[in-house]
Amino acid sequence: VLWSRSPSTNITRLSTISFMVDVIPNTPPEITVPADQTAEATSASGAVVSFTASAIDAEDAPPPTPTCAPVSGSTFPLGTTTVNCSVTDSGGLSDTGSFHVTVRDTTAPTLVGMPADMTLTTNNPAGATLTYTKPTATDTVDPSPGVVCAPASGSTIPVGTTTVTCTATDASGNPRSASFHVTVNLNSTVTWTARWGEPLGSADNTINVNGNRSIPIKVEIFANGVEQTSGNAVVSVVGCDGGTPVQIVLDRDNGRWTGKLETSQLGPGCYRVTVALDGNVAGMVNVSLRGGATATPKSSTKVEKPRP
């Protein structure tokens with residue numbers, strides 16, 4: 001309503017205007033959620049993850065606050081979790097959104113108690129027995145990660161330097177390795193000896209044998225008094241006056257090196273039976289053969305027992 005007064009007439013004139021008000025219906029809010037997130041696990045339970053979701057609304061001031069499940073600040077387990085969020089304005093209209101939280105374990109365990117480098121001395125040319133305490137491992141997520149070492153404690157390692165590598169692996173497959181070195185020194189002087197079993201083990205190291213028979217070989221081999229249980233053991237049979245030796249490969253059986261000496265190809269006479277391990281002569285006995293074959297050992301004869 002507008003009015004005015006004319007000074008001369010003292011008359012008030014009135015006029016009327018009108019206008020339209022357009023009332024817009026309630027509109028739903030708009031929610032905004034975070035992008036997908038990745039977190040590193042801090043314990044076996046997973047990781048605490050915080051986030052913020054927001055909303056805008058044309059009618060509500062301040063705008064409504066979204067709710068999410070799981071809520072911000074929750075401990076999320078290993079793997080991928082979907083977070084669902086929603087918001088409702090004062091008019092009852094809603095909007096929803098979701099995102100993913102991935103918790104992973106990429107941190108390798110820590111080895112504890114790794115052995116230091118060590119030096120061993122042995123009389124055994126085949127090496128020495130390695131003994132050590134295997135390390136343990138700790139991990140942020142896995143309470144008991146496995147540890148494997150190679151060569152393992154109790155193994156026989158050769159003369160020289162051997163690298164022992166230990167590897168810890170957690171439940172997520174994260175490995176961590178560490179190594180130490182073991183040096184095996186061989187005593188400079190090695191005395192090889194043999195102890196023959198019957199029938200070759202006579203008091204005077206000489207036996208008399210009738211021809212055309214099989215003589216069992218049973219022998220123990222020692223290096224500086226230490227019994228040798230591995231390697232290549234061979235018995236050589238040669239005439240006391242020389243000739244081409246017949247060789248017999250021995251096997252391990254019942255704690256001894258064993259084989260058989262077949263005399264059917266040997267003529268009567270004296271023979272030296274010598275045992276060696278990896279080329280090291282350990283002992284010898286004499287065999288006096290009576291009767292048997294008429295021919296001496298063939299120069300090309302080599303009797304070898306197949307190794308398993």
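Me: Okay, so two strands pair if DSSP finds at least two bridges between them; over how many bridges do strand S9 and S10 pair, and in which sense?

Reply: Bearing in mind that this is a predicted model, strand S9, which covers residues 79–88, pairs with S10 over 10 bridges, and the sense is antiparallel. One of the bridge partners can be named: Thr 88 is matched with Ser 94, which lies in S10.

Me: Which sheet order do S9 and S10 belong to?

Reply: They sit in an open sheet of four strands whose order is S4-S10-S9-S7, and the pairing in this sheet is mixed. Strand S4 (37–40) and strand S7 (67–69) are the edge strands, since each of them pairs on one side only. On average, and with direction ignored, neighbouring strands of the sheet are turned by 25 degrees against each other.

Me: What holds paired strands together in general?

Reply: Strands of a sheet pair through backbone hydrogen bonds, and they can do so either parallel or antiparallel.

Me: New topic, aromatics. How many aromatic pairs are there?

Reply: The count comes to two. In one of them, Phe 51 and Phe 99 meet edge-to-face, with 5.0 Å from centre to centre and 75 degrees between the planes. This pair links distant parts of the chain, because Phe 51 is in the loop between strand S5 (47–49) and strand S6 (54–56), while Phe 99 is in strand S10, 48 residues apart.

Me: Are those two buried or exposed?

Reply: Buried means under 20% relative accessible area, so Phe 51 counts as buried at 11%, and Phe 99 is buried too, at 1%.

Me: And what about the pair of Tyr 132 and Phe 180?

Reply: The ring centres of Tyr 132 and Phe 180 are 5.3 Å apart and their planes stand at 75 degrees, so this pair is edge-to-face. Tyr 132 lies in the loop between strand S13 (128–129) and strand S14 (136–138), and Phe 180 lies in strand S18 (residues 175–186), 48 residues apart. Both Tyr 132 and Phe 180 are buried.

Me: Now the largest nonpolar core: which residues touch the most other members?

Reply: That core has 27 residues, and Trp 196, Val 235, Val 237 and Leu 250 are the ones that touch the most other members. Several strands give two or more residues to the core, including strand S19 (192–196), strand S23 (233–239) and strand S27 (269–277), but the largest share, five residues, comes from S21.

Me: What does Val 235 touch?

Reply: Leaving out residues up to four places away in sequence, Val 235 touches a set of residues, among them Trp 196, Ile 217, Leu 250 and Thr 274.

Me: Thr 274 isn't a nonpolar residue by that core rule, so where does it lie, and is it buried or exposed?

Reply: Thr 274 lies in strand S27, and it is buried because its relative accessible area is 18%, where buried means under 20%. Its contacts include Val 234, Ser 236 and Met 284, again without residues up to four places away in sequence.

Me: Last one: how do S23 and S24 pair?

Reply: They pair in the antiparallel sense over four bridges, and Val 234 stands opposite Val 249 in S24. The hairpin of S23 and S24 has six residues between the strands, and in it Gly 242 takes a positive phi near 105 degrees.

Technical notes. Residues are numbered from 1 along each chain as its sequence is written. This is a predicted model: local features need pLDDT of at least 70, side-chain atom pairs count only at pLDDT 80 or more; totals for chains, interfaces and linings use all residues. Side-chain values use heavy atoms; hydrogens and water are left out. A nonpolar core is a set of buried Ala, Val, Leu, Ile, Met, Phe, Trp, Tyr and Cys residues joined through side-chain atoms within 4.5 Å. Buried means under 20% relative accessible area, exposed over 50%, partly exposed in between (1.4 Å probe, protein chains only). Contact means heavy atoms within 4.5 Å. Rings of Phe, Tyr and Trp (its six-membered ring) pair if their centres lie within 6.5 Å; planes under 30 degrees apart count as stacked, over 60 as edge-to-face and the rest as tilted. Two strands pair if DSSP finds at least two bridges between them. Axes are lines fitted to C-alpha atoms, for helices over the stretch in contact, and angles run from 0 to 180 degrees between N-to-C directions.
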